[in-house]
Amino acid sequence: MAEKAPFSSTTTTSLASSTATPSINLIGIFREAIKTPARNGRFMLQTMLLLVSPCTLLVLLHHLFAAPLMEKIEDNYNKSMVHWEDLRALLLIEAPFLLGFWAVSVFGITITIYAAAMSYTRRSVSLKDLLSSIQWKKPIITSLYVSFIPIVYAILVIGLIKSINLITKEDAGEAWRELIAVMAALLYIYLTSVSTLGLVVSVMDDECYGAKALEKAVKLSRGRKIQGFFLMLILELLSIPIYILFYVASSDDDDDGEDEAGAVTVFGFGFIATILFCLVNMFSYVVFSVFYSECKKTSREGIEMGIGHGYSLAPTKLQEEVEA
């Protein structure tokens with residue numbers, strides 16, 4: 001018999017539908033992702049507030065403590081003056097903020113994936129029970145692996161461009177640099193789709209995290225790599241207006257900095273951009289949770305969700321065959 005969740009007496013429903021159900025296309029995945037929050041509106045609203053609140057608080061604190069020092073350093077740089085004590089102070093301030101943003105990001109990703117799974121299967125669970133049952137080690141370790149991917153990738157791309165500059169002429173080198181930039185951007189979108197799916201795997205699959213979760217993400221997405229690529233491409237395009245808002249908020253002119261109304265406007269842009277960024281990021285993981293379920297359907301695997309020891313979100317394929 002299929003296992004039941006520790007905080008519900010009803011039998012669970014599989015995130016991946018029966019293998020007889022046809023796989024949904026790209027538009028279908030977005031449609032399901034949009035419908036998922038509505039299936040358990042109150043629960044998803046609580047999750048959204050739990051995600052947005054600490055993020056906006058960190059942005060506010062960063063604006064109060066780090067922004068004035070950053071403006072001072074920028075002004076000194078424009079005057080060809082560098083005060084190393086200001087740089088050291090900025091590093092000391094930024095370090096805990098970076099750690100805080102990373103922790104909030106991992107927390108938000110994890111609860112978003114769990115909330116999406118619960119809403120997708122129409123399960124009823126309180127946020128308190130969910131938070132107390134989450135296995136935090138798996139997404140934390142996987143997120144550390146994922147964090148190194150863009151760093152290593154950027155080093156490789158920069159090294160390749162530098163090598164092209166050394167072995168080619170100026171005109172030919174410019175064409176090669178443009179080609180490499182385009183190919184690098186496309187490949188990065190694919191790598192981001194795999195790493196995002198890997199984070200979902202680390203949350204949803206028991207004892208699967210770190211490099212193992214990323215390997216399983218590659219395995220699950222076989223035959224659907226193009227679909228995963230376009231999912232991430234569309235999500236990145238949706239984020240462009242938010243990045244523009246962040247740019248507007250960060251490009252504070254000297255005149256605006258002296259005007260109180262201008263400073264409030266700039267902070268307002270940053271506040272709105274932060275909320276929108278959190279919502280788009282949350283929606284991205286809802287999309288890839290649905291994509292995960294479709295990949296599991298294609299591979300004909302049952303879905304087990306790691307909420308505490310022995311918890312299973314759905315009966316495995318072997319269990320279904322035994323029951324039949």
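This tour moves through a predicted model, one selection at a time.

**Whole chain**

Start with the full chain in cartoon view. The protein chain has 12 helices and zero strands. Read along the sequence, the pattern is α-α-α-α-α-α-α-α-α-α-α-α. Now colour by accessibility. Of the 324 residues, 40% count as buried.

**Stop 1: helix α1**

Select residues 26–39, which make up helix α1. Show the side chains of Glu32, Lys35 and Arg39. These residues are linked in a network of salt bridges.

Begin with Glu32 and Lys35. Their closest N and O atoms are 3.5 Å apart. Both residues lie in α1, three residues apart, about one turn of the helix.

Turn to Arg39. Glu32 forms a salt bridge with Arg39 too, and here the closest N and O atoms are 2.9 Å apart.

Which of these residues is buried? Check Glu32. Glu32 has a relative accessible area of 15% and is buried, because the cut-off for that label is under 20%. Lys35 is partly exposed at 39% relative accessibility. Arg39 is partly exposed as well, at 23%.

**Stop 2: Phe107 and Trp136**

Move along the chain to helix α4, residues 84–120, and select Phe107. Add Trp136, in the loop between α5 (127–133) and α6 (137–167). How are the two rings arranged? They form a stacked aromatic pair, 5.6 Å centre to centre with 15 degrees between the planes. That angle earns the label "stacked" because planes under 30 degrees apart count as such.

The pair links distant parts of the chain, with the two positions 29 residues apart in sequence. Switch on the surface and look at both side chains. Phe107 is partly exposed, with a relative accessible area of 24%. Trp136 falls into that class at 27%. The structure holds five aromatic pairs, this one among them.

**Stop 3: Tyr188 and Tyr153**

Next, select Tyr188 in helix α7. With a relative accessible area of 33%, Tyr188 is partly exposed. Add Tyr153 and draw a distance between the C-alpha atoms. The two residues are 35 apart in sequence and 8.0 Å apart in space.

**Stop 4: the cavity**

Stay with α7 and turn on cavity display. The structure holds one cavity of 30 Å³ or more. The volume of the largest cavity is about 50 Å³.

Select its lining: Tyr190, Ser193, Val194, Leu197, Ser221, Lys225, Gly228, Phe288 and Phe291. Which helix gives the largest share of the lining? Colour by helix to see. The answer is α7, with four residues. At least two lining residues come from each of α7, α9 (225–250) and α11.

Recolour the lining by residue type. Five lining residues are nonpolar, three are polar and one is charged.

**Stop 5: Asp205 and Lys296**

Follow α7 (170–204) to the loop between it and α8 (211–220), and select Asp205. Add Lys296, in helix α11, residues 260–299. Asp205 and Lys296 form a salt bridge, with the closest N and O atoms 3.7 Å apart. Asp205 sits in a loop and Lys296 in a helix, so the bridge ties together parts that are 91 residues apart in sequence.

Are the two partners buried or exposed? Both Asp205 and Lys296 are buried. Over the whole structure, a search finds five salt bridges.

**Stop 6: the cysteines**

Finish with Cys208 and Cys295. Cys208 is buried, with a relative accessible area of 3%. Cys295 is buried too, at 0%. How many disulfides does the structure have? A search of the whole structure finds zero.

**Before closing the viewer**

Save three selections for a second look. The first is the network of Glu32, Lys35 and Arg39. The next is the stacked pair of Phe107 and Trp136. The last is the lining of the largest cavity, including Tyr190 and Phe291.

Technical notes. Residues are numbered from 1 along each chain as its sequence is written. This is a predicted model: local features need pLDDT of at least 70, side-chain atom pairs count only at pLDDT 80 or more; totals for chains, interfaces and linings use all residues. Side-chain values use heavy atoms; hydrogens and water are left out. Rings of Phe, Tyr and Trp (its six-membered ring) pair if their centres lie within 6.5 Å; planes under 30 degrees apart count as stacked, over 60 as edge-to-face and the rest as tilted. Buried means under 20% relative accessible area, exposed over 50%, partly exposed in between (1.4 Å probe, protein chains only). A salt bridge is a side-chain nitrogen of Lys or Arg within 4 Å of a carboxyl oxygen of Asp or Glu. On a 1 Å grid over the protein atoms alone, a cavity is a set of points where a 1.4 Å probe fits but cannot get out, and a pocket is an open set with protein on both sides within 12 Å along at least five of seven lines; lining residues have an atom within 4 Å of a point. Grid points are joined across faces, edges and corners, and a volume is the space filled by probe spheres set on the points. Ala, Val, Leu, Ile, Met, Phe, Trp, Tyr, Cys and Pro count as nonpolar, Asp, Glu, Lys and Arg as charged, and the others, Gly among them, as polar. A disulfide is a pair of cysteine sulfur atoms within 2.5 Å.
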